Amino acid sequence: MKLQSVIFCLAMLLSSTFAISAEKPLRIGMVTDVGGVNDQSFNQSAWEGLQKAKKELAVKASYQESKQDADYPANLETLYDAGNDLIWGIGFKMADAILKAAKQNPKQKYAIIDYSFGDKTPPNVVGVMFKAEEGAFLAGYIAAKMSKTGSVGFIGGMSVPIIHAFQYGFKAGAKFANPKINVLEQYSESFTDAAKGKAIANQMISKNADVVFHAAGAVGDGVIEAAKEKNKMAVGVDRDQNYLAPKNVITSSMKRVDSAIFEVTSQLKKGVFLGGTTQNFGLKDGAVDIAPTTSKMVPTSLLTEVTALKKKIADGKIKVPSSEAGYTAFAKTLK
Amino acid sequence: MKDLIFLFSTTLMYATPLIFTALGGVLSEKTGVINIGLEGMMTMGAFTASLVALKFNNPWLGLLAGGLGGFSLALLHALACIKYKANQVVSGMAINFLGSGFAIFLCRLFFDGTSMTPPLDLEKKVPVFMGQYSTVYVAFIATAFIWFILSRTVLGLRMISAGEHPKSTDSAGLNVSIYKSIGVLSSGFLAGLGGASLSIAIVSNFRPTLISGQGFIAIAALIFGKWRPVQTALACLFFGFSQALVIFIGGREDIHISSQLLSILPYVLTIIVLVGFMGKTTAPSALGE
């Protein structure tokens with residue numbers, strides 16, 4: 001008797017699922033990286049973009065969370081089996097898994113945040129890159145102008161191109177604001193070890209830095225904590241991180257993953273899928289920016305300067321470097 | 001001088017969660033029960049500590065709750081391994097999955113679907129004493145206390161005999177299961193404190209990646225420390241020191257070593273010391289049975 005009722009319930013459940021799928025809206029799925037969907041960072045931002053698409057473009061959105069790097073292939077497989085029209089991989093760590101899945105399932109559309117396969121992009125994959133350096137440039141400018149000691153710090157997660165964009169964008173912005181500024185730089189070689197972030201930030205503060213900027217995921221919790229304890233300033237990353245230490249986080253270099261995801265989804269809705277290419281979103285597209293809370297912490301005069309800077313960057317009058325070589329060339333123009 | 005203070009305080013900061021957790025491992029393994037679920041118990045403790053410290057505005061209650069969070073998972077481990085004689089490694093692995101999964105689940109339940117707790121204000125964190133969070137001192141007191149229990153009390157000696165010779169302990173008319181349970185449960189409590197010392201002292205919020213690997217490093221430390229509480233704490237300090245060294249060298253502008261190479265230093269040092277200087281380590285003879 002019991003078994004029969006269970007089967008009955010299951011049948012009801014299944015039939016209702018089928019009823020929905022019969023209308024055939026676009027189905028979009030995303031796989032988070034190890035941060036999880038509510039990481040207060042880019043995974044969450046990605047999910048917000050899909051939520052917006054769900055509301056405004058009437059697509060069906062779902063996600064799979066990854067607890068460790070080894071989960072990516074299985075999670076991508078799950079979304080493939082669920083019959084999604086487009087599957088997002090959130091974060092460059094998923095690049096290998098996406099590439100493999102794309103080759104296995106050549107008819108399935110994939111997109112990846114923060115990674116470019118360059119010329120080798122499979123025709124069923126879109127790479128999405130952010131000109132993170134442009135946001136970091138603004139953050140660096142603000143940091144240098146706010147610093148009283150003439151020394152600011154950068155803490156990166158891993159020494160990879162995507163983090164270099166933050167590093168050299170920040171450095172360029174800081175030097176642009178004050179050519180004499182001293183920029184301390186250190187890598188944590190981790191995106192999770194908050195204690196390490198805290199120790200590195202403590203060390204920078206003991207070397208007189210009074211603003212610390214991180215592009216290191218959860219390591220940043222420790223960085224911001226150090227600034228909070230020592231009453232120094234910090235700059236957040238990816239999202240508005242002011243809530244972590246309202247008196248200390250003066251600005252955040254935001255990557256609007258949501259804008260990019262929404263953009264690509266609305267293209268797909270119109271039947272456009274730029275497979276085989278990498279799309280670059282920047283300040284001009286509203287896909288990178290500084291946090292709205294900046295106005296709370298930073299004087300109006302500085303904000304006006306930043307607004308003018310934004311326009312110059314969007315117009316291409318300032319070319320923000322995203323690599324060491326680019327930075328060296330940029331630094332020469334300052335002198 | 002500034003450098004020395006930095007190295008010293010970073011060593012202590014890094015070592016504290018490991019000391020708590022590794023001591024927990026010592027207590028469990030001394031009674032013969034392998035506990036590789038320390039990581040999961042830490043995660044659970046980190047979450048419950050953060051939750052209670054936030055809701056009750058009291059870091060000490062938070063710390064206690066952290067211990068109880070780990071304890072609750074240890075209860076399952078004890079039940080599985082001691083009462084139902086399940087494979088201890090399998091149960092430990094299950095606890096690791098359960099710990100992180102359950103902590104995230106509860107976090108979502110309490111904090112509007114986010115997998116991260118809101119940050120604690122500075123004054124609501126564990127108080128700072130002489131430049132260090134008080135959890136650091138608690139860790140040292142715990143080390144001394146556990147050393148005393150294990151080597152100077154009847155209870156401790158019986159726990160050890162349950163791990164070395166359970167059959168003869170049994171024939172001496174003692175209930176082996178009780179001593180094993182004490183070991184496992186206190187180990188969960190300590191691992192919970194370890195997690196708490198991260199979420200309410202080192203940083204001020206919990207997130208799922210806060211505990212990533214510390215539980216396993218703690219297991220390495222207890223083997224390194226030959227299952228003895230003081231040596232185990234020293235092993236944790238050694239590991240903390242090598243991390244501090246990595247950060248110190250990485251921040252020097254006159255030394256150029258790639259940060260990738262540097263970051264393997266703690267592990268290389270550990271292997272060198274383990275192979276070169278430690279000699280033979282012997283586990284409790286009835287471990288895992």
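Which residue in β4(A) is the bridge partner of A:Trp88? A:Ala111 is that partner in β4(A). The report below works outward from this pairing.

This is a predicted model: local features need pLDDT of at least 70, side-chain atom pairs count only at pLDDT 80 or more, and totals for chains, interfaces and linings use all residues. Residues are numbered from 1 along each chain as its sequence is written, while chains are lettered from A and ligands numbered from 1 in the order in which they are written.

## Chain A overall

The secondary structure of chain A comes to twelve helices and twelve strands. Helices (H or I, at least four residues) and strands (E, at least two) are DSSP runs, numbered from the N terminus. The C-alpha trace of chain A spans about 75 × 45 × 35 Å along its principal axes. The radius of gyration of chain A is 22 Å, which agrees with the value near 20 Å for a compact globule of 335 residues. That radius is taken over C-alpha atoms, and the globule rule is 2.2 Å times the number of residues to the power 0.38.

Buried residues make up 55% of the 335 residues in chain A. A residue is buried if 20 or more other C-beta atoms lie within 10 Å of its own, exposed if 12 or fewer, and partly exposed in between, with C-beta atoms placed from the backbone. Two residues are in contact if their C-beta atoms, placed from the backbone, lie within 7 Å. Of the contacts in chain A with a separation of 6 or more, 68% link residues 24 or more positions apart.

## The six-stranded sheet

Chain A holds an open sheet of six strands in the order β2-β1-β3-β4-β5-β11, with parallel pairing. β2 (60–64) and β11 of chain A stand at the edges with a single partner strand each, so one side of each is left without a neighbour in the sheet. Neighbouring strands are turned by 20° against each other on average, direction ignored. Two strands pair if DSSP finds at least two bridges between them. The table lists four of the pairings.

| Strand pair (chain A) | Sense | Bridges |
|---|---|---|
| β1 (27–31) and β3 (86–89) | parallel | four bridges |
| β3 and β4 | parallel | four bridges |
| β4 (109–113) and β5 | parallel | four bridges |
| β5 and β11 (277–281) | parallel | five bridges |

Individual partners can be followed across the sheet. A:Met30 stands opposite A:Trp88 in β3(A). A:Gly29 has A:Ile87 as its bridge partner in β3(A). A:Tyr110 is matched with A:Val125 in β5(A). A:Met129 is matched with A:Asn280 in β11(A).

In a regular strand the side chains alternate between the two faces of the sheet. In β3(A), A:Leu86 and A:Trp88 point one way and A:Ile87 and A:Gly89 the other, and all are buried. Strand β5 (residues 125–130) of chain A has six of its six residues buried, so it is largely enclosed by the rest of the structure. A:Val125, A:Gly127 and A:Met129 lie on one side of β5(A), and A:Val126, A:Val128 and A:Phe130 on the other.

Helices pack on this sheet too. What does helix α9 (residues 257–269) of chain A touch? It touches β1, β3, β4, β5 and β11 of chain A, and its direction makes about 150° with that of β5(A). Such angles run from 0 to 180 degrees between N-to-C directions, with axes as lines fitted to C-alpha atoms, for helices over the stretch in contact.

## Two domains

The domain assignment of chain A gives domain 1 (23–130 + 257–285) and domain 2 (132–254 + 288–334). These bounds come from an automatic or database domain assignment. The C-alpha centres of the two domains lie 27 Å apart. Their contact takes eleven residues from domain 1 and eleven residues from domain 2.

A:Met297 belongs to helix α10 (residues 294–297) of chain A. A:Met297 is partly exposed, because 18 other C-beta atoms lie within 10 Å. Leaving aside neighbours within four places in sequence, A:Met297 is in contact with A:Ile250 and A:Thr251. The C-alpha atoms of A:Met297 and A:Val249 are separated by 8.0 Å, though the two are 48 residues apart along the chain.

## Meeting chain B

28 residues of chain A are in contact with 29 residues of chain B. β7 (182–187), α7 (194–206) and α8 (219–229) of chain A each give two or more residues to this side. α7(A) gives the most, with eight residues.
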